[in-house]
Amino acid sequence: MGQIRILTDELINKIAAGQVVERPASVVKELVENSLDAGATDISVEVEEGGCRLIRVQDNGCGMNGDDALLAFERHATSKVKELCDLDKIATLGFRGEALPSIASVSKVRIVTSDGNPSSGSEILIEGGKIQDVRAAGRGRGTTLEVRGLFYNTAVRRKFLKSRETELSHITGIMTETALAHPGVYFTLKHHDRTLIKSPGVSSILERSVQLLGKDARGNLMELEEGREGLRLFGLISIPGFTKPSGTGLSFFVNRRPVSDRTLRHAVYAAYETLLMKGRHPLVYLFLDVDPALVDVNVHPAKREVRFTDPKRIHDFTRDSVRKTAQGYGRAQEDERPSPWPASERVERVKEAVESYLRTAGEHRFHEERTTGRPAFTGRIQPEPGKPAPAVRALFDKERLVPLGQIADSFIITQDRDGLILIDQHAAHERILYEKFKQVYRLSKIPVQQLLIPVNLELSGKERILLAEHLKTLRRLGIEVEDFGRGTFSVKGVPMWVADMDIQEIVRSLLEEIVALEQGGELDRRMEDIIHVFSCRAAVKANRRLSREEMEALIRDLGETDSPHTCEHGRPTMIRIDLYEIEKRFQRK
Ligand code: ADP
Ligand code: MG
C-alpha cells in the first residue's frame, strides 16, 4: 500500500459522474430537471448520434447571472437546499448540486445563460471539468446547455454505451415520462433533423397522453384520480383486458419525480390481481403527490428511488385506488359512449340482426331454452357492508340482458342495445364463484350444505396422508371431511353452491393445490389461490347445456360481481359484436 492521498476535485467529480451519468439519457434527465426547477415552460432538447455526440437543452427558465453560472459547476453548488432541514422537504427535482460538475467532468460543455438582466448574459466553456473560457454573451432570459462528446475522456464508460438507437430510445423514454409528468410545459425532442416529440402545454395528463402515447395505448388507458388524507394519486391505467407481455410498462412518479418503487409496483399488481392473466402486465402511469416531509428522496445516486415514512399506507392507498378504477371500468362507460342509433330503432335492429345471425348459425349448434332439470345457480352476492352499491353498470347491464340461447353448449347468446354479446359460461361462472367464495371466506361464513349421503373418498396412500394433515384447511373452505381412521375418509358437507359437482374430483384437486402452494407464501395468500382453483373446478363446464333459468341466473349473478368482464385468470367472460359490425357483415352498411 502506498500513501493515503486526498482525491483531487477532478477525480471526485468523475467518480460522482459514474453514479449520476450512466448514459446520454441520464444527462438529458438531469438537464431537463434543472430546466423544470428553473421554472421553464418551454424546454427543447436536440440530440445527435443518440446523444453521444451532442445533447443541447434550451429553456426559458429563470437563468443565472455570470457568477452563479460559474458556481453551478462547482461540486455541491446548488440554489435549492440551504439548510439541513431543507433536506427533509425537498420540492425540487435536483438538490445535491452534483449533476452539472459531474456532467462537465466527462464531456465538453458550453453554457449560455442569462437571468434576463440586459448585462447579465454569459457563456462558459468547460472541457473535462476544466474551465476553458468565460465571456459575456447576449441571450434572453433562460439557459442553453450543450454537452458534446460524452465520455470522451473515460474510455470505460464509453464502452458501455449501447447502439445509437438504444441510447436514443432511452432518451425518448425519459422525455416521454417527464413530459407526462409536466403537462403544462412545452417539450420538444429532436434527433438530428427528425422531431420525435413536440408537445405544446396542455391542461391535463390525459391530453398529454394523447399527444405522446401510441394510438394503441390511448384507447386502452383510463384516467384515475383519487385522494385520501394528504395523498393524491392520479394518472392513467390500462383497462382490464389490455395487458403487456412484460412489466416494463409501469411508470411511477412521486411528487412528479420518476422513480422505480417496489411498494408502488406491488400495490398495482395487488390491485389488478385477478384481472391479469399469469405472465401478463398492466400499463400504468401513476403520479403520487405526497407531503415532501413524508418521503425521503435522498436515497439513490440518480434519485431514481425514494423511501416513504409509511410505506404500508402508501401501498394500501395505491392498491385500493387502482382497484377501484379498474373494477369500475365499463360501468360508467356506457353513458359516455354515444350510440349511433335512436333508442327505438336500436332494439328492432338488434333483434333483426341477431335473428338472421341465428338462422345462419344452424340448428345443431344452437339450443334454445331446453330445461335440463338441473338446479339454477344458487345465491346472490350481497354487497359487503359499508360498500356502496355500484352506480351504473354499462357494457354489461343485467336488467337488459336476456338470454337468447346457447351456442355449442358453451356460450350464452344475449344482446343489449348496441349489439350481440356472447358470454363464456365457464369463465362467467368462475368469476361469480370466485367472488362469492372470497367474500364468504373472508367473513368465515361459507354456507355448508350437509350431504344426505356422505361421499366416501377413494384416495391413494399419499393423498390420504395429505388429507389427514389438511382437514382444517378444507374445513375453512367449507368442506367437512370425517376421518374414520385407517385411511378412510368421507365428505359430509360441502359449500352450498358446489353440492351438485363431482366432490371426489374437487377434493382431489384441492389437495394437489394445497401441496403445490405450500412451498411458500402466507396462508391467506395461499387461500386466495385455493379459492381460484376451487371456483375453476366448481364452475359449470363448457359443453353443458343450460336451462333458461340457469342462463338468467348466470347473467344476473355475473352482473353482481365486482369485475364482470374478466374471469379471475384475466380472460374475458364476454365478447361483444357491435350491431354496426353485424350490419356491415350483412352488407347493410
Ligand atoms: P441541483 O439541481 O442538484 O441543484 P445541478 O448541478 O444540477 O444541481 O445544478 C446546480 C445549480 O445550477 C442549480 O441548483 C441551479 O441553481 C443552477 N442551474 C442549473 N441548471 C439551470 C437552468 N437550466 N436554469 C437555471 N439555473 C440552473
Ligand atoms: Mg440538477
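The following exchange concerns the cavities and sheets of a predicted model.

Reader: What makes the two spaces in this structure count as cavities of 30 Å³ or more?

Author: A cavity is a set of points where a 1.4 Å probe fits but cannot get out. The structure holds two such spaces of 30 Å³ or more. The largest has a volume of about 50 Å³, and the second largest has a volume of about 40 Å³.

Reader: How do you know which residues line the largest cavity?

Author: Lining residues have an atom within 4 Å of a cavity point. For the largest cavity they are Pro 240, Leu 275, Ala 326, Gln 327, Tyr 329, Asp 562, Ser 563, Pro 564, His 565 and Thr 566. By class, this lining has five nonpolar, four polar and one charged residues.

Reader: Which domains supply the lining of the largest cavity?

Author: Domain 2 (219-333) and domain 3 (340-589) each contribute at least three residues to that lining.

Reader: Which residues and helices line the second largest cavity?

Author: Its lining consists of Lys 29, Glu 33, Leu 93, Ile 174, Thr 178, His 182, Arg 256 and Pro 258. At least two of the lining residues come from each of helix H2 (24-37) and helix H6 (164-181). By class, there are three nonpolar, two polar and three charged residues in this lining.

Reader: Why is the sheet E9-E10-E13-E11-E12 called open?

Author: Five strands form this sheet, in the order E9-E10-E13-E11-E12, with mixed pairing. Strand E9 (221-228) and strand E12 (257-259) are the edges, and each has a single partner strand, so one side of each is left without a neighbour in the sheet. From one strand to the next, the twist averages 20°.

Reader: How do you know that E11 and E12 are paired?

Author: Two strands pair if there are at least two bridges between them. Strand E11 (residues 250-254) is joined to E12 by three bridges, and the two run antiparallel; the criterion is therefore met. Within this pair, Phe 252 stands opposite Val 259 in E12.

Reader: What makes helix H7 a neighbour of this sheet?

Author: Contact means heavy atoms within 4.5 Å. Helix H7 (residues 205-212) packs on the sheet and touches E9, strand E10 (231-238) and strand E13 (284-290). The direction of H7 makes about 30° with that of E10.

Reader: Why is the sheet of eight strands also called open?

Author: Its order is E5-E4-E3-E6-E2-E1-E7-E8, and the pairing is mixed. Strand E5 (130-136) and E8 stand at the edges with a single partner strand each, so one side of each has no neighbour in the sheet. The twist averages 10° from one strand to the next.

Reader: How do you know that E3 and E4 are paired, and what is the bridge partner of Lys 108?

Author: The requirement is at least two bridges. Strand E3 (residues 108-114) and strand E4 (residues 122-127) have six, in the antiparallel sense, and therefore count as a pair. The bridge partner of Lys 108 is Glu 127 in E4.

Reader: Which helices pack on the sheet of eight strands, and at what angles?

Author: H2 lies across strand E1 (42-48), strand E2 (54-59), strand E6 (142-148) and E7, at about 10° to E2. H6 touches E1, E7 and E8, and its direction makes about 175° with that of E7. On a scale from 0 to 180 degrees between N-to-C directions, H6 and E7 therefore run in nearly opposite directions.

Reader: What joins E7 and E8?

Author: Strand E7 (residues 186-191) and strand E8 (residues 194-199) pair in the antiparallel sense over five bridges, with Phe 187 opposite Ser 199 in E8. The two strands form a hairpin with two residues between them, and His 192 in the turn has a positive phi of about 50°.

Key: Residues numbered from 1 in each chain as written. Chains lettered and ligands numbered in written order. Predicted model: local features only at pLDDT ≥ 70, side-chain atom pairs only at ≥ 80, totals over all residues. Heavy atoms only, no water. 1 Å grid on protein atoms, 1.4 Å probe; cavity = no way out; pocket = protein on both sides within 12 Å on 5 of 7 lines; lining within 4 Å. Points joined across faces, edges and corners; volume = space filled by probe spheres on them. Nonpolar A, V, L, I, M, F, W, Y, C, P; charged D, E, K, R; others polar. Domains from an automatic or database assignment. Helix = DSSP H or I, 4+ residues; strand = E, 2+ residues; numbered from the N terminus.
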